[in-house]
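Me: I am new to this structure and should be grateful for a close look at a single part of it. Please take the salt bridges as the subject and explain how they are placed.

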Amino acid sequence: MQVDAVVLDIDGVLVDVADSYRRAIIESVDRVCGKTIDRAAVQSFKDAGGFNNDWELTDAAALYVLARREGLRMDVGAFTDRVAEGGGGLAAAKAVVGDLPSVAQARVRDQWNTERLRDTFQALYLGEDLYRELEGGDPPLAASGYIHDEPTIVDPETIADLTGRFDVGVLTGRPAAEAEIALDRVGLDVPDDRRFTMDDWEEGKPHPRALVTLAERFEAERVAFVGDTLDDVRTARNADDEDESRVYYGIGVLTGGLTGEDGRRKFTENGADAVVDDVNELVDLLE
């Protein structure tokens, strides 16, 4: 696969977030709502699309839990299928809850505390010291910080190879400060103008604007975007449709929530040009 530039997602590609971001989703909903979803359900929300922002996924998961409590007769698979049919994301999740009678919807809204969910998430994920540094003020609970439980996936040799042969950028749903922490951990130095974080654009994946902008800045003709979710592949497909002057490849990695042959199948069905076991296989895949 011949390319001029490589754009990398962070979560599930460079670092393993199963015991950090995804754990924070599950435990935040549990602490705030008294009931939660499991890891497979988190992946169902991711597959539905539109949840590049894990705070919004947490809000949607809480909405589902509360709606079930008020009588919504759907399992999480049916709920996320409806979310996908509605275009994905938090707005689609709200629309599904509209199946409830108006009184039940009102009770859900009264219990749905998105500010508390976000504060709880950040306290669990960052820990007390980083929370005070990045969020300001005291955290709502004491935690050591799941951010410290993110094993690196990418090898130093892979980073040296990719940065030596290609222009390398980053496109992530992380806030800028949290992206910087992860990039420092794996030893990937990416200038600010070669990265897009949550703070840099409103649309989020799978909107193609950030990927097309990076391609323009690289003056690249062929770009590979590497991610661990279906929305990452959809981003590449959308960029390829929008930008006729370039070729965009979407490459799925099986080190996030999508794993094994089922993950490979889902990536392929959503237009992945290649699926690799992990990011280190890019060394042999890309020319």
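Reply: The count of salt bridges in this predicted model comes to 27. In general, side chains of opposite charge can pair when their charged atoms come close. A few of these pairs may be taken in turn.

One of them joins arginine 195 to glutamate 180, with 2.7 Å between the closest N and O atoms. Arginine 195 belongs to strand S3 (residues 195-196), whereas glutamate 180 belongs to helix H9 (residues 176-186), so this salt bridge ties together parts that lie 15 residues apart in sequence. The two partners may also be described by their accessibility. Arginine 195 has a relative accessible area of 9% and is therefore buried, since the cut-off for buried is under 20%. Glutamate 180, at 32% relative accessibility, is partly exposed.

Helix H12 (residues 260-269) offers another kind of placement, in which both partners belong to one helix. Arginine 264 forms a salt bridge with glutamate 261, and their closest N and O atoms are 3.8 Å apart. These two residues stand 3 residues apart in helix H12, so about one helical turn separates them. Arginine 264 is partly exposed, its relative accessible area being 26%, while glutamate 261 counts as exposed at 61%.

A further pair in helix H12 consists of arginine 265 and aspartate 262. Here the closest N and O atoms of the salt bridge are 2.4 Å apart. Arginine 265 and aspartate 262 are likewise 3 residues apart in the helix, which means that about one helical turn lies between them. Arginine 265 is partly exposed, with a relative accessible area of 39%, and aspartate 262 is partly exposed with a relative accessible area of 39%. Through salt bridges that share partners, Asp262 and Arg265 are joined with Asp47, Lys266 and Glu269 into one network.

Charged residues also appear in a contact between two helices, helix H3 (residues 54-69) and helix H7 (residues 114-134). Their axes come within 10 Å and cross at roughly 125 degrees, so H3 and H7 are oblique to each other. The crossing in which H3 passes H7 is right-handed. On the side of H3, the residues in contact are Asp54, Trp55, Thr58, Asp59 and Ala62, and they meet Thr114, Leu117, Arg118, Phe121 and Gln122 in H7. By class, this contact has 4 nonpolar, 3 polar and 3 charged residues.

Note on methods:
Residues are numbered from 1 along each chain as its sequence is written. This is a predicted model: local features need pLDDT of at least 70, side-chain atom pairs count only at pLDDT 80 or more; totals for chains, interfaces and linings use all residues. Side-chain values use heavy atoms; hydrogens and water are left out. A salt bridge is a side-chain nitrogen of Lys or Arg within 4 Å of a carboxyl oxygen of Asp or Glu. Helices (H or I, at least four residues) and strands (E, at least two) are DSSP runs, numbered from the N terminus. Buried means under 20% relative accessible area, exposed over 50%, partly exposed in between (1.4 Å probe, protein chains only). Axes are lines fitted to C-alpha atoms, for helices over the stretch in contact, and angles run from 0 to 180 degrees between N-to-C directions. Angles under 35 degrees count as roughly parallel, over 145 as roughly antiparallel, 65 to 115 as roughly perpendicular and the rest as oblique. A crossing is left-handed if the near helix is turned anticlockwise from the far one by less than a right angle, and right-handed if clockwise. Contact means heavy atoms within 4.5 Å. Ala, Val, Leu, Ile, Met, Phe, Trp, Tyr, Cys and Pro count as nonpolar, Asp, Glu, Lys and Arg as charged, and the others, Gly among them, as polar.
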